[in-house]
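Please open the model in a viewer and keep the sequence panel beside it. The tour below proceeds by selection, with a short account of what is found at each stop.

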Amino acid sequence: MQYVLISACLLGRPVRYNGSGAASDHPVLAAWNKEGRLIVVCPEVAAGLPIPRPPAEIAAARSGWQVLQGEAQVLESNGQDVSQAFVSGARQALAMVKAKNIQIAILKEGSPSCGSSYIYDGSFTGTKHPQAGVTTALLQDAGIRVFSEAELDEAAAYLKCLEVVE
Ligand code: SF4
């Protein structure tokens, strides 16, 4: 069976910076949960960041990949540099993926760790920026297909294809 990595907050776990979850009630997730496919991760909490914690963004409209390369920083709204924690969390997510031979992930859109089609631009003004977060960038580099919670139908179709070729 193909396992699916999933952002903990999408299952309603209260791990977001503000202590909330972001539960998705999409039937695809409910079915996968019932089948025991979901491998749950919160990269930021795995890296030891507390709940709650200040909001963080990748500074200066850079990307998660640039953070991994040491070319950009993740800063909290108070100016604290949390880049190393974000990189550590991404590596822990990658280790989980490798341990279970996972090829697909559903990660929370917009997050500086988990965003895939957009993150925020580092200005803390709510300005979207079309880049991937740190964990997403590392997983994509390893060949994992990352979908957001808005792409669950596409993800389900992709998972079916994976299982056909198994
Ligand atoms: Fe954790 Fe990712 Fe959800 Fe942020 S978006 S709370 S890092 S699982």
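Select Ser7 together with Val41: in strand S2, Val41 is the bridge partner of Ser7. The model on display is a predicted one. Now extend the selection to the whole of strand S1, residues 4-7, which runs parallel to S2 and is joined to it by 4 bridges. Strands of a sheet pair through backbone hydrogen bonds, in either a parallel or an antiparallel arrangement.

Stay on S1 and display its side chains. Val4 and Ile6 point one way from the strand, while Leu5 and Ser7 point the other way. All of these residues are buried. In a regular strand, side chains alternate between the two faces of the sheet.

**The sheet and the helix packed on it**

Next, add the remaining strands of this sheet. The sheet is open and has 4 strands, in the order S2-S1-S5-S8, with parallel pairing. Which strands stand at the edges? They are S2 (38-41) and S8 (145-147); each has a single partner strand, so one side of each is left without a neighbour in the sheet. From one strand to the next, the twist averages 25 degrees.

Select residues 152-165 to bring up helix H6, which packs on the sheet and touches S1, S5 (104-106) and S8. The direction of H6 makes about 160 degrees with that of S5.

Within H6, pick Leu162. Is Leu162 buried or exposed? Leu162 counts as exposed because it has 12 C-beta neighbours inside 10 Å, and 12 or fewer is the criterion. Leaving aside neighbours within four places in sequence, Leu162 is in contact with Gln2, Gln103 and Ile104. A distance label between the C-alpha atoms of Leu162 and Ile104 should read 9.3 Å, although the two residues are 58 apart along the chain.

**The nonpolar core**

Turn now to the interior. The largest nonpolar core has 46 residues, and those touching the most other members are Val4, Leu5, Val74, Phe86, Ala105, Ile106 and Val134. Helix H4 (residues 83-99) gives the most to this core, with 7 residues. In soluble globular proteins, nonpolar side chains tend to be buried together.

Centre the view on Val134. Apart from neighbours within four places in sequence, its contacts include Gly64, Val67, Leu68, Val74 and Phe86. Val87, Ala90, Pro112 and Ser113 are also in contact with Val134.

**The surroundings of the ligand**

Select the ligand and then the residues around it. From the earlier part of the chain these include Ser7, Ala8, Cys9, Val15, Arg16, Cys42, Pro43 and Glu44. Lys108, Ser111, Ser113 and Cys114 are also among the residues around the ligand. By class, the shell has 6 nonpolar, 3 polar and 3 charged residues. Two of its residues have appeared already: Ser7 as the bridge partner of Val41, and Ser113 as a contact of Val134.

**Backbone details in the loops**

Move to Pro52, in the loop between helix H2 (43-46) and strand S3 (56-58). The peptide bond from Ile51 to Pro52 is cis, with omega near -5 degrees.

Proceed to the loop between S3 and helix H3 (64-68), where Ala60 is found. Phi of Ala60 is near 60 degrees, a positive value in a residue other than glycine. Ala60 is exposed, with 12 other C-beta atoms within 10 Å. Ala61 lies in the loop between S3 and H3 as well, and has a positive phi of about 55 degrees although it is not a glycine. Ala61 is partly exposed, with 16 other C-beta atoms within 10 Å.

The next selection is Gly79, in the loop between strand S4 (74-76) and H4. Gly79 counts as exposed, with 8 C-beta neighbours inside 10 Å. The C-alpha atoms of Gly79 and Pro54 are separated by 9.8 Å, and the two residues are 25 apart along the chain.

**A final stop at S7**

Finish at Lys128, in strand S7 (residues 128-129). What does Lys128 touch, not counting residues up to four places away in sequence? Lys128 touches Tyr118 and Tyr120. Lys128 is partly exposed, with 13 other C-beta atoms within 10 Å. Its C-alpha atom is separated by 9.6 Å from that of Ser117, a residue 11 places away along the chain.

Technical notes: Residues numbered from 1 in each chain as written. Predicted model: local features only at pLDDT ≥ 70, side-chain atom pairs only at ≥ 80, totals over all residues. Near = placed C-beta within 6 Å. Nonpolar A, V, L, I, M, F, W, Y, C, P; charged D, E, K, R; others polar. Core = buried A, V, L, I, M, F, W, Y, C linked by C-beta atoms within 7 Å. Buried ≥ 20, exposed ≤ 12 C-beta atoms within 10 Å, placed from the backbone. Contact = placed C-beta atoms within 7 Å. Pairing = 2+ DSSP bridges. Axes fitted to C-alpha atoms, helices over the stretch in contact; angles between N-to-C directions.
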